[in-house]
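Biologist: I'm new to this one and would like a close look at a single part of it. Could you pick a lysine that catches your eye, walk me through its surroundings, and then lead me out to the rest of the chain?

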Amino acid sequence: MPKAIWNGAVLAESDQTVVVEGNHYFPSDAINKQYFQESDTHTTCPWKGVASYYSIAVDGQVNKDAAWYYPNAKEKAKNIEGYVAFWKGVKVENN
């Protein structure tokens, strides 16, 4: 089952991830919300839409904008709307 791990903490775990462009997108109910902080950062993908970000905080360390999601995905990306993906050193392991 895919797991997202950073700084020794399991950020998300689900066997219902969707892989898009090499990234595992986790359902929002599979994330451990205590590690997530809303960010003001937004980026735009031409086919997925506007992404919102979370910073990850574990044991006093913060990984700024290390997770993203599409709250209102465009039509071609509706299958990942609200799902969360990771980068910036967050490891996704499939055990």
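Modeller: Let's start with K48 and what it touches: E21, Y25, Y70, A73, K74, A77 and I80, leaving out residues up to four places away in sequence. Bear in mind that this is a predicted model. One of those partners deserves a second glance, since the side chain of K48 makes a polar contact with the side chain of E21, at 2.6 Å. Is K48 buried or exposed? K48 counts as buried, because its relative accessibility is 4% and the cut-off for buried is under 20%. As for its place in the chain, K48 sits in the loop between strand 5 and strand 6.

That loop gives us two strands to look at, one on each side. Strand 5 covers residues 36-45, and S39 is found in it. S39 is buried too, with a relative accessible area of 11%. Its side chain is joined to the side chain of D65 by a polar contact of 2.5 Å. D65 also turns up among the residues that S39 is in contact with, next to Y53, Y54, S55 and K64, once neighbours within four places in sequence are set aside.

On the other side of the loop, strand 6 takes in residues 49-58, and A51 belongs to it. How much of A51 can be reached from outside? Its relative accessible area is 0%, so A51 is buried. If you skip its neighbours within four places in sequence, A51 is in contact with T41, H42, T43, W68, Y69 and Y70. Y70 may ring a bell, as K48 touches it as well. Y69 is worth a moment of its own: it lies 18 residues from A51 in sequence, yet the two C-alpha atoms are 5.4 Å apart in space.

Keep going past strand 6 and you get to D59, in the loop that leads to strand 7 (61-69). D59 counts as exposed, because its relative accessibility is 72% and exposed means over 50%. Its backbone is worth checking on your screen. Most residues other than glycine have a negative phi. D59 is not a glycine, but it has a positive phi of about 50°.

K88 does something along those lines: it has a positive phi of about 55°, although it is not a glycine. You'll find K88 in the loop between strand 8 (84-86) and strand 9 (91-94). At 41% relative accessibility, K88 counts as partly exposed.

V90 is in the loop between strand 8 and strand 9. V90 is buried, with a relative accessible area of 11%. Which residues does V90 touch, apart from those up to four places away in sequence? They are A4, I5, W6, L11, N63 and A66. Also have a look at K3: V90 and K3 are 87 residues apart along the chain, while their C-alpha atoms are separated by 9.9 Å.

L11 is a handy stepping stone from here, since A30 touches it too, along with A12, E13 and S14, not counting residues up to four places away in sequence. A30 lies in the loop between strand 4 (23-25) and strand 5. It is buried, with a relative accessible area of 13%. A30 and A12 are 18 residues apart in sequence, and 5.4 Å separates them in space, C-alpha to C-alpha.

Now zoom out to the whole chain. There are nine strands and zero helices, so if you read along the sequence you simply get β-β-β-β-β-β-β-β-β. Contacts between residues 24 or more positions apart make up 43% of those with a separation of 6 or more. Buried residues account for 44% of the 95 residues. The radius of gyration is 12 Å, which agrees with the value near 12 Å that a compact globule of 95 residues would have. Along its principal axes, the C-alpha trace spans about 35 × 30 × 20 Å.

Last, the outside and the charges. The accessible surface comes to about 5,300 Å², and 47% of it belongs to carbon and sulfur atoms. The chain has 9 positive and 11 negative charges, and their mean positions are 6 Å apart. To finish where we began, K48 is buried, and its side chain makes that polar contact with the side chain of E21.

Technical notes: Residues are numbered from 1 along each chain as its sequence is written. This is a predicted model: local features need pLDDT of at least 70, side-chain atom pairs count only at pLDDT 80 or more; totals for chains, interfaces and linings use all residues. Side-chain values use heavy atoms; hydrogens and water are left out. Helices (H or I, at least four residues) and strands (E, at least two) are DSSP runs, numbered from the N terminus. The radius of gyration is taken over C-alpha atoms; the globule rule is 2.2 Å times the number of residues to the power 0.38. Buried means under 20% relative accessible area, exposed over 50%, partly exposed in between (1.4 Å probe, protein chains only). Contact means heavy atoms within 4.5 Å. Accessible areas come from the Shrake-Rupley method with a 1.4 Å probe; for residues, only the protein chains shown count as cover. Lys and Arg count as positive and Asp and Glu as negative; His and the chain ends are not counted. The place of a charge is taken as NZ of Lys, CZ of Arg, CG of Asp or CD of Glu. A polar contact is a pair of N or O atoms within 3.5 Å; within protein, one must be able to donate a hydrogen and the other to accept it, and residues adjacent in sequence count only if both atoms are side-chain atoms.
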